[in-house]
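Here's a quick tour for anyone meeting this structure for the first time. Have a look at it, and then we'll walk through it topic by topic.

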Amino acid sequence: QVQLVESGGGWVQPGESLRLSCAASGSDFSFNAMAWYRQAPGKQRDLVAQITNGGGTNYADSVKGRFTISRDTAENQVYLQMNSLKPEDTALYYCNARARRNLRWYDYWGQGTQVTVSS
């Protein structure tokens, strides 16, 4: 059974940095892409950043230039370096892994790690 475990969340002041990590285990297949989503209270879950097997990346406009996603494909880990954090970045951050198996797409999710940006 696939498990995704996030770590690295916490409380920081505006302008500071955090690095989130996500480790995937329990799969005997590779993931086509891994990503970070976030959900603030009362809002929908939105994509923050995604990275494909080929290294292609995609970012939400609100984090471009501040966040960087990276991946260790061999270890099935994904990271999110978050710089110049703003109060509006406060949310529960979820790790996502996507795999195509038997002509279907499967999404796997972690439990989330809280990021709070406040002075």
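Of the 119 residues in this protein, 39% are buried. Keep in mind that what you're looking at is a predicted model. There are 11 strands here and zero helices, so let's start with the overall build and then move on to the sheet, the disulfide and a few individual residues.

**Overall build**

- Follow the sequence from start to end and the pattern you read is β-β-β-β-β-β-β-β-β-β-β.
- The radius of gyration is 14 Å, close to the 14 Å that the globule rule gives for 119 residues, so the protein is as compact as a globular protein of that length.
- Along its principal axes, the C-alpha trace spans about 50 × 25 × 25 Å.
- The protein exposes about 6500 Å², and carbon and sulfur atoms supply 43% of that area.
- Take the contacts between residues at least 6 apart in sequence: 53% of them join residues at least 24 apart.

**The four-stranded sheet**

- Four strands make an open sheet, and their order is β1-β3-β8-β7 with antiparallel pairing.
- The edges belong to β1 (3-7) and β7 (67-72), each of which pairs on one side only.
- Going from one strand to the next, the twist averages 15°.
- Inside this sheet, β3 and strand β8 (residues 77-82) run antiparallel and are joined by six bridges.
- If you want one bridge pair to find, try R19, whose partner in β8 is Q81.
- As general background, strands of a sheet pair through backbone hydrogen bonds, either parallel or antiparallel.

**Strand β9 and its partners**

- Which strand pairs with β9 over seven bridges? That's strand β4 (residues 33-39), and the two run in the antiparallel sense.
- Across that pairing, Y37 stands opposite Y94 in β9.
- Strand β10 (residues 104-109) also pairs with β9 in the antiparallel sense, over six bridges.
- In this pairing, R98 has D107 in β10 as its bridge partner.
- β9 and β10 form a hairpin with two residues between them, and N102 in the turn has a positive phi of about 50°.
- Strand β11 (residues 113-117) is joined to β9 by three bridges, and these two strands run antiparallel.
- Here the pair to look for is A91 and its bridge partner V115 in β11.

**The disulfide**

- How many disulfides does the model have? The count comes to one.
- The disulfide joins C22 to C95, with an S to S distance of 2.1 Å.
- This pair links distant parts of the chain: C22 sits in strand β3 (residues 18-25) and C95 in strand β9 (residues 91-101), 73 residues apart.
- Are C22 and C95 buried or exposed? Both C22 and C95 are buried.
- The torsion about the S-S bond of C22 and C95 is about -80°, so this disulfide is left-handed.
- In general terms, a disulfide is a covalent bond between the sulfur atoms of two cysteines.

**A closer look at R101**

- R101 lies in strand β9.
- With a relative accessible area of 31%, R101 is partly exposed.
- Leave aside its neighbours within four places in sequence, and R101 is in contact with F29, Y106 and Y108.
- V63 is 38 residues from R101 along the chain, and the C-alpha atoms of the two are separated by 31 Å.

**Two loop residues with positive phi**

- Where is N76? You'll find N76 in the loop between β7 and β8.
- N76 isn't a glycine, yet its phi is positive, at about 55°.
- The relative accessibility of N76 is 14%, so it counts as buried, the cut-off being under 20%.
- S84 has its place in the loop between β8 and β9.
- S84 is another residue other than glycine with a positive phi, near 50°.
- At a relative accessible area of 39%, S84 is partly exposed.

Terms used. Residues numbered from 1 in each chain as written. Predicted model: local features only at pLDDT ≥ 70, side-chain atom pairs only at ≥ 80, totals over all residues. Heavy atoms only, no water. Disulfide = S-S within 2.5 Å. Buried < 20%, exposed > 50% of the residue type's maximum accessible area, 1.4 Å probe, protein only. Pairing = 2+ DSSP bridges. Axes fitted to C-alpha atoms, helices over the stretch in contact; angles between N-to-C directions. Rg over C-alpha atoms; globule rule 2.2 N^0.38 Å. Contact = heavy atoms within 4.5 Å. Areas by Shrake-Rupley, 256 points an atom, 1.4 Å probe, with all protein chains shown as cover.
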